[in-house]
Amino acid sequence: MLAASGRGTRSGLPINKAFFPVDGICPLARCLIAFREHAQGAVICISESDEGEFAKIKPVCDLIMPYRIAYGGETRADSVRSGLASLGDECELVAIHDAARPYVTGELIERVFAAAEESGAAIPAISVTDTVVSAEEDVRYLNRDNLRAVQTPQAFRKSIIAEAYASVGADGFTDDGSVAAAAGHPVAIVEGEQTNIKLTYAHQFCRGEPPARPLSATFAHSREPRASPWLAPTVTVGFGYDVHQLVQGRALVLCGVTVPHTRGLLGHSDADAAMHALCDAILGAASLGDIGKHFPDSDPAYGGIYSVELLKRVVNLVESRGFRVNNADITIAAQRPKIAKYIGDMRNKLAESMRIDVNYVSVKATTTERLGFVGREEGIAAYAVCSLTHLVGGV
Ligand code: MG
C-alpha cells in the first residue's frame, strides 16, 4: 500500500511531492517499480484533489503492476484505513509505504515481509548518526546507541494492522508500527537502509540534482538484477517544420493566437503553421508519424479546426504512450507582420495546451531578410524542436 495522500507542505512544491518528478520519474511511480516484483498488487492511497495529477501518470502506473486506488481522508491514518478497507480477503500480508521514499530496494521489502510473516508486525529502522537531544525542558543528551530512526515500508499481517487501526484512535501516530504497538502487538525491527530517504524538502527535488539512488543502482541491488531499458527514463528529441501560403481573406493564427494582419494562412484547418510544426515535433519525438497521419486534411472533421485542439490531442496521445513533454522551442519565419508583442500570449497558450510550465516553452520570430518565399511574403514557415521524457520504455 502506497500512502500518497499527504500534502507535503514542508516541501513547498506546487503539487503533491509524490507526483513531482525527480530524475524524470515521480516518487509514486518509482515506488511502484520497486514493489512490482515483490507484491501481487498495490493499493495507492491518494487524495481526491490529486486525481488530475494521478491521471497524468496513470498510463505509466498501468504498465508497472496491478493496483487499485483508495481515496484518503484528512489524515494519514484515514488514508491507511481506507486502503486497508479496500484489500480483499485473500491478502494476508500488507506492506505500508510512504510514496515519498522512492529509493526503497527489493531487499528491504523482502526483509520486512519475511519478518512480518514470522512476527505479525515489522518495521525497518536505521541507527542515528547525529547527536540527539531532548529539547522539552532542559536540554538533555540522549544515548544514540539505543535510538533508531524508523522508515517504511512497514509490513503486517493484515488482520493485525486492521484491528489495530480499528481499536486505536491513531491520532498523533506518525507511522503504522506505533499503531500496532499501541494496540498491544509486539513489533519486530529489521535493518533499514541509509539510502531509503524520505523526500521532504524542495531542494531534494531540484532539477538536475543527482538522485540519492539512481534507478540503475536500484536495480543493480535488486534480488534479480536485470538490464532495465524497460524502466529507464529516456529523453527523446523531435523536430517539425511547416509552411502555409499567405492569402487574402483569412485570419492569421500562429501558436493559437490571432495576429492582426492584412492576410492570413491558407489551409484546411486554421493553417497555424507554428502549431503544426510543434505537433510534428512532438509526434516525431515519440516516433508516432506526423499530424497528416493522425488528422488527415481529407477528413472533414478537421476542416477549420482550431489547431490548439490538435496540439491537445497530440499531447494526450504521447502521454498515453508513457511520454511527457519537457520543453518546446519554436521559430516562426515571417517577413511581416511583427510577431514580438504576441509572443507572451503564444507561450502561455502553448504551455496551457501542453500542461507544462511556461518557462519550458519558447517562441521566437525572425524575418528572412526579404529572401525566398518568406521574404516575398508569399507564406510563413515555422520550425519546432521539443524534448520528451519516456518514463517507461519498450511500450
Ligand atoms: Mg500545416
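## The surroundings of Q154

In this predicted model, a polar atom of the Q154 side chain lies 2.7 Å from the backbone nitrogen of G177. The side chain of Q154 also makes a polar contact, at 2.8 Å, with the side chain of D175. Q154 itself belongs to strand β9, which covers residues 154–157.

Because its relative accessible area is 0%, and buried means under 20%, Q154 counts as buried. Apart from neighbours within four places in sequence, the residues in contact with Q154 are V94, A95, I96, A122, I123, P124, D175, D176 and G177.

## The magnesium site

Which residues coordinate the magnesium ion? The donors come from D242 (OD), H244 (NE2) and H276 (ND1), at 2.1 to 2.2 Å. Along the chain, these donors follow the spacing D-x1-H-x31-H. D242 is in strand β11 (residues 234–248) and H276 is in helix α8 (residues 273–285), so this pair ties together parts that lie 34 residues apart in sequence. D242 and H276 are both buried.

## A nonpolar patch on the surface

Strand β11, which holds D242, also contributes to a surface patch. This nonpolar patch of about 510 Å² is made by F239, Y241, V243, F373, Y383 and V385. Both β11 and β17 (379–390) supply at least two residues each, and β11 gives the most, with three.

Is V243, a member of the patch, buried or partly exposed? V243 lies in strand β11, and V243 counts as partly exposed because its relative accessibility is 34%.

Definitions and conventions. Residues numbered from 1 in each chain as written. Predicted model: local features only at pLDDT ≥ 70, side-chain atom pairs only at ≥ 80, totals over all residues. Heavy atoms only, no water. Helix = DSSP H or I, 4+ residues; strand = E, 2+ residues; numbered from the N terminus. Buried < 20%, exposed > 50% of the residue type's maximum accessible area, 1.4 Å probe, protein only. Polar contact = N/O pair within 3.5 Å; in protein donor to acceptor, adjacent residues only side chain to side chain. Contact = heavy atoms within 4.5 Å. Donors = N, O, S within 2.8 Å, 3.2 Å for Na, K, Ca; no water. Patch = residues over 30% accessible without salt bridge, like charges linked within 9 Å, V, L, I, M, F, W, Y side chains within 5 Å. Areas by Shrake-Rupley, 256 points an atom, 1.4 Å probe, with all protein chains shown as cover. Salt bridge = Lys/Arg side-chain N within 4 Å of Asp/Glu carboxyl O.
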